[in-house]
Amino acid sequence: MRVGLTEKRYLVLNVLDKLGIATVDQIMRLTSFNKSTIYYALKEFEKKDLIKKFKSMQQAVYLITKLGSEVIGDLNFGFSKDERNPNFAIFRHSMLINESVIFYKDQFAERAKFEMERELIAQIISQGSQRREQIVNLPDFVIETGDTRQAVEVELTRKRAAKITKKLVNYKKFIIEGQYTHLIYLYQSLAIRRLVAKCAADVGIEVTFGNLDEMLRGNVYV
């Protein structure tokens, strides 16, 4: 028992805290618990205001509240500051990040651990150097193995070249400092890949690209 929860319920809430937002199916694939176990846990969490439920694309989606995150005690902030439902762009991006994590988790089996952007934010806040609203340019998640620490960006919208270049300059600095070993960009649009590749060549940083549609084979939120 932890924080008044059974071990399984603690793990369900912990996964949702790390992701910030997820579906039952995504939590199931990350915990290997059956749907009924997850469903009843989420129902109980919702009653206690530890999570919030909303519907998108005919499916239930759950997001962690500040109270729910404080129960776990590692991150201590909700998915959104005002706990409103996310707009479609944020929802779609979040779902694709989750699906990408699940994809890599299956690929690496037990050989890797993952850190989500929420966890990276909490680490920076704990150091006392920046407030949450000041923290920018973090990867969507990090894959860490014995000898690599790969930063992953899920890029769905075309941004200004100057903005991408600035981000890549930061990544180059982080790689030189040893914070990351590799940078991965996951994309759907070839136009985004071409733009990132051009900016990367200008900056002088190596980027590994992955096509989300090919990776996820139809499990893509469009």
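What volume does the second largest pocket have? In this predicted model, the second largest pocket has a volume of about 390 Å³. Its lining consists of 16 residues, and those closest to the centre are V15, K18, L30, K105 and F114. Two or more lining residues are contributed by each of α1, α5 and β4. Helix α1 makes the greatest contribution, with five residues. Sorted by class, the lining of the second largest pocket contains nine nonpolar residues, one polar residue and six charged residues.

For the largest pocket, the computed volume is about 1400 Å³. A total of 42 residues line this pocket, and I90, H93, E117, I121 and D140 are the ones nearest its centre. At least two lining residues come from each of α1 (7-19), α5 (88-108), α6 (117-127), β6 and α7 (161-177). The largest share belongs to α5, which provides eight residues. In the lining of the largest pocket, 17 residues are nonpolar, eight are polar and 17 are charged. Helices α1 and α5 thus appear in the lists of contributing elements for the largest pocket and for the second largest pocket.

Two open sheets are described next. One is an open sheet of five strands in the order β4-β5-β6-β7-β8, and its pairing is mixed. The edge positions are taken by β4 (113-116) and β8 (208-211); each has a single partner strand, so one side of each lacks a neighbour in the sheet. On average, and ignoring direction, neighbouring strands of this five-stranded sheet are turned by 25° against each other.

Within this sheet, strand β7 (residues 182-187) is paired with β8 in the parallel sense, over four bridges. Residue Y187 is placed opposite N211 of β8. Helix α8 (residues 190-203) packs on the sheet, where it touches β6 (149-155), β7 and β8, and the direction of α8 makes about 155° with that of β7. The pairing of β6 with β7 is also parallel and extends over six bridges. Here E155 stands opposite Y187 of β7. Y187 therefore has facing residues in both directions, namely E155 and N211 in β8. Five of the six residues of β7 are buried, so this strand is largely enclosed by the rest of the structure.

The other sheet is an open one of three strands, ordered β1-β3-β2, with antiparallel pairing. Strands β1 (21-23) and β2 stand at its edges with a single partner strand each, so one side of each is left without a neighbour in the sheet. Neighbouring strands in this three-stranded sheet are turned by 30° against each other on average, with direction ignored. Strand β3 (residues 59-64) pairs with β2 in the antiparallel sense over six bridges. The bridge partner of S56 in β3 is Q59. Helix α1 packs on this sheet and touches β1, β2 and β3, and its direction makes about 80° with that of β3. Helix α2 (residues 24-31) lies across β1 and β3 and runs at about 90° to β1.

Two individual residues were examined further. S56 belongs to strand β2 (residues 51-56). Its relative accessibility is 13%, and S56 is therefore counted as buried, the cut-off being under 20% relative accessible area. When residues up to four places away in sequence are not counted, S56 touches V61 and F91.

I164 lies in helix α7. The relative accessible area of I164 is 5%, so this residue is buried. With residues up to four places away in sequence left out, the contacts of I164 are K159, L195, V196 and C199. Along the chain, I164 and G20 are 144 residues apart, and their C-alpha atoms are separated by 25 Å.

Key: Residues are numbered from 1 along each chain as its sequence is written. This is a predicted model: local features need pLDDT of at least 70, side-chain atom pairs count only at pLDDT 80 or more; totals for chains, interfaces and linings use all residues. Side-chain values use heavy atoms; hydrogens and water are left out. Two strands pair if DSSP finds at least two bridges between them. Axes are lines fitted to C-alpha atoms, for helices over the stretch in contact, and angles run from 0 to 180 degrees between N-to-C directions. Contact means heavy atoms within 4.5 Å. On a 1 Å grid over the protein atoms alone, a cavity is a set of points where a 1.4 Å probe fits but cannot get out, and a pocket is an open set with protein on both sides within 12 Å along at least five of seven lines; lining residues have an atom within 4 Å of a point. Grid points are joined across faces, edges and corners, and a volume is the space filled by probe spheres set on the points. Ala, Val, Leu, Ile, Met, Phe, Trp, Tyr, Cys and Pro count as nonpolar, Asp, Glu, Lys and Arg as charged, and the others, Gly among them, as polar. Buried means under 20% relative accessible area, exposed over 50%, partly exposed in between (1.4 Å probe, protein chains only).
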